[in-house]
Amino acid sequence: MISAPIVVHRPAGTSGRRVTVHRQGRDEVLGTAHRDHDLVVFFEGAGIADLETILDDPQWVGWRGGPAHEFTAT
């Protein structure tokens, strides 16, 4: 099974979700997202196109340890 190249990790309390991208054989931390807009900014900086459409595409983005688009632990 191939996992998505971008991972939005589980929420860390109220401090957001760490975001990583897998490229060139390694994981690179893009930052900590507190909302969807932060993800868009990270993706732009990483040169990833079609930002709005890939957020809900499981081939691109894997939401781990919590529901998509939620950035604090419940």
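Let's start at R17, which sits in strand 2, the stretch covering residues 17–23. Keep in mind that this is a predicted model. R17 is buried, yet it has no salt bridge. Its nearest side chain of opposite charge belongs to E70, and that one is 6.7 Å away. A salt bridge needs a side-chain nitrogen of Lys or Arg within 4 Å of a carboxyl oxygen of Asp or Glu, so E70 is out of range for R17. What does the side chain of R17 reach, then? It goes to backbone oxygens: that of P67 at 2.8 Å, and that of G66 at 3.4 Å.

Now step back and take in the whole chain. Its secondary structure comes to two helices and four strands. Walk along the sequence and you meet them in the order β-β-β-α-α-β. How does the radius of gyration of the chain fit with a compact globule? For 74 residues, such a globule would have a value near 11 Å, and the chain has 11 Å, so the two agree. If you draw a box around the C-alpha atoms along the principal axes, it comes to roughly 30 × 25 × 20 Å. Of the 74 residues, 36% are buried. The accessible surface of the chain is about 4,700 Å², with 51% of that belonging to carbon and sulfur atoms. There's also a way to see how far along the sequence the contacts reach: take those between residues at least 6 apart in sequence, and 42% of them join residues at least 24 apart.

Helix 1 is a good place to look next. It covers residues 36–45, and its buried residues are D38, L39, V40, F42 and F43. What do these buried residues pack against? They meet strand 1 (6–11), strand 2, strand 3, helix 2 (51–54) and strand 4. So the strand that holds R17 turns up again here, since strand 2 is among the elements that the buried residues of helix 1 pack against.

Two neighbours in this helix are worth a look side by side. V40 is found in helix 1, and with a relative accessible area of 11% it falls under the 20% cut-off, which means it counts as buried. Set aside its neighbours within four places in sequence, and V40 is in contact with L51 and E52. V40 and V21 are 19 residues apart in sequence, and their C-alpha atoms are 13 Å apart in space. V41 lies in helix 1 too, but its relative accessible area is 40%, so it is partly exposed. Between the C-alpha atoms of V41 and D27, which are 14 residues apart along the chain, there are 18 Å. Just after helix 1 comes G47, with a positive phi of about 75°.

Back to charges for a moment. How many salt bridges does the structure hold? There are two. One brings together the side chains of E28 and R23, at 3.1 Å from N to O. Both partners are partly exposed: E28 has a relative accessible area of 23%, and R23 has 31%. The other salt bridge links R35 with D38, where the closest N and O atoms are 3.7 Å apart. Here the two partners sit in different settings: R35 is partly exposed at 47% relative accessibility, whereas D38 is buried at 16%. D38 is also one of the buried residues of helix 1 that you met above.

Finally, some backbone angles deserve a glance. Most residues other than glycine have a negative phi. Which way does Q24 go? Its phi is near 55°, a positive value in a residue other than glycine. Q24 is placed in the loop between strand 2 and strand 3 (26–33), and it is exposed, with a relative accessible area of 79%. H69 also has a positive phi, near 70°, and it too is a residue other than glycine. You'll find H69 in the segment after strand 4 (61–63). With a relative accessible area of 31%, H69 counts as partly exposed.

Note on methods: Residues numbered from 1 in each chain as written. Predicted model: local features only at pLDDT ≥ 70, side-chain atom pairs only at ≥ 80, totals over all residues. Heavy atoms only, no water. Buried < 20%, exposed > 50% of the residue type's maximum accessible area, 1.4 Å probe, protein only. Lys, Arg positive; Asp, Glu negative; His and termini not counted. Polar contact = N/O pair within 3.5 Å; in protein donor to acceptor, adjacent residues only side chain to side chain. Rg over C-alpha atoms; globule rule 2.2 N^0.38 Å. Contact = heavy atoms within 4.5 Å. Areas by Shrake-Rupley, 256 points an atom, 1.4 Å probe, with all protein chains shown as cover.
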